[in-house]
Amino acid sequence: MQRIHWQDGVTLLTGFALAIALFFFNVTPADGGSLTPATWNFVLVGIAAAALAATALLNFNIWEEWIEIVLGAWLIISPWVLGYSSVAILTWMAVIGGAVIVAMGATVVYADWPMKRR
């Protein structure tokens with residue numbers, strides 16, 4: 001089905017925001033830790049989400065939405081997996097950004113679910 005979904009626009013903006021967010025915040029790591037994993041995580045996931053959303057806007061495929069859901073879920077759990085959960089602003093950015101990406105992907109998957117149309 002060739003359709004443009006507004007959710008992909010939201011995911012595109014969220015991805016861009018995540019990719020550049022750490023360059024605008026003056027965040028210091030707790031207890032002399034490193035923010036390198038968090039920085040790479042935000043940049044890579046943000047770029048990947050934005051790229052998938054842009055691709056979905058140009059040529060929709062349902063698999064793009066499923067990958068966005070997985071990326072968003074990863075972003076939600078990443079503060080604890082990568083060890084930067086002690087930095088509150090980064091944890092909240094990851095959880096909220098991930099939740100937005102998951103919600104946008106899930107609403108498109110639900111709206112275009114083939115079994116729903118029977």
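Let's walk through this predicted model, starting at the front end of the chain and finishing with a pair of rings.

Start with His 5, which sits in the segment before H1. Is His 5 buried or exposed? Its relative accessibility is 4%, so it counts as buried, since the cut-off for buried is under 20%. Now look at what surrounds it. Setting aside neighbours within four places in sequence, His 5 is in contact with Leu 57, Phe 60, Val 108 and Asp 112. Take Phe 60 from that group: 55 residues separate it from His 5 along the sequence, yet in space their C-alpha atoms are 8.7 Å apart.

Next comes helix H1, covering residues 6–21. You can do a quick check on it yourself. Each residue should add 1.5 Å, so the 16 residues of H1 are expected to span 22 Å. The C-alpha atoms at its two ends are 22 Å apart, so the expectation and the model agree.

Which residues of H1 are buried? They are Gln 7, Asp 8, Thr 11, Leu 12, Thr 14, Gly 15, Leu 18, Ala 19 and Ala 21. And what do they pack against? The buried residues of H1 meet helix H2 (36–58), helix H3 (62–82) and helix H4 (88–111).

Let's zoom in on one of them, Thr 14, which lies in helix H1. With 15% relative accessibility, Thr 14 falls under the 20% cut-off, so it counts as buried. If you leave out residues up to four places away in sequence, Thr 14 touches Gly 97, Val 100 and Ile 101. Its side chain also has a partner within H1: a polar atom there lies 2.8 Å from the backbone oxygen of Val 10.

Now for the rings. How many aromatic pairs does a search of the whole structure find? Just one. Phe 42 and Tyr 84 make up this aromatic pair, with 6.1 Å from centre to centre and 50 degrees between the planes, and the pair is tilted. Those two numbers are the usual kind of description: a pair of aromatic rings is described by the distance of the centres and the angle of the planes.

Where do the two partners sit? Phe 42 is in helix H2, while Tyr 84 is in the loop between H3 and H4, so the pair ties together parts that are 42 residues apart in sequence. Are these two residues buried or exposed? Phe 42 has 0% relative accessibility, so it counts as buried. Tyr 84 is buried too, with a relative accessible area of 3%.

Terms used:
Residues are numbered from 1 along each chain as its sequence is written. This is a predicted model: local features need pLDDT of at least 70, side-chain atom pairs count only at pLDDT 80 or more; totals for chains, interfaces and linings use all residues. Side-chain values use heavy atoms; hydrogens and water are left out. Helices (H or I, at least four residues) and strands (E, at least two) are DSSP runs, numbered from the N terminus. The expected span of a helix is 1.5 Å times one less than its number of residues. Buried means under 20% relative accessible area, exposed over 50%, partly exposed in between (1.4 Å probe, protein chains only). Contact means heavy atoms within 4.5 Å. A polar contact is a pair of N or O atoms within 3.5 Å; within protein, one must be able to donate a hydrogen and the other to accept it, and residues adjacent in sequence count only if both atoms are side-chain atoms. Rings of Phe, Tyr and Trp (its six-membered ring) pair if their centres lie within 6.5 Å; planes under 30 degrees apart count as stacked, over 60 as edge-to-face and the rest as tilted.
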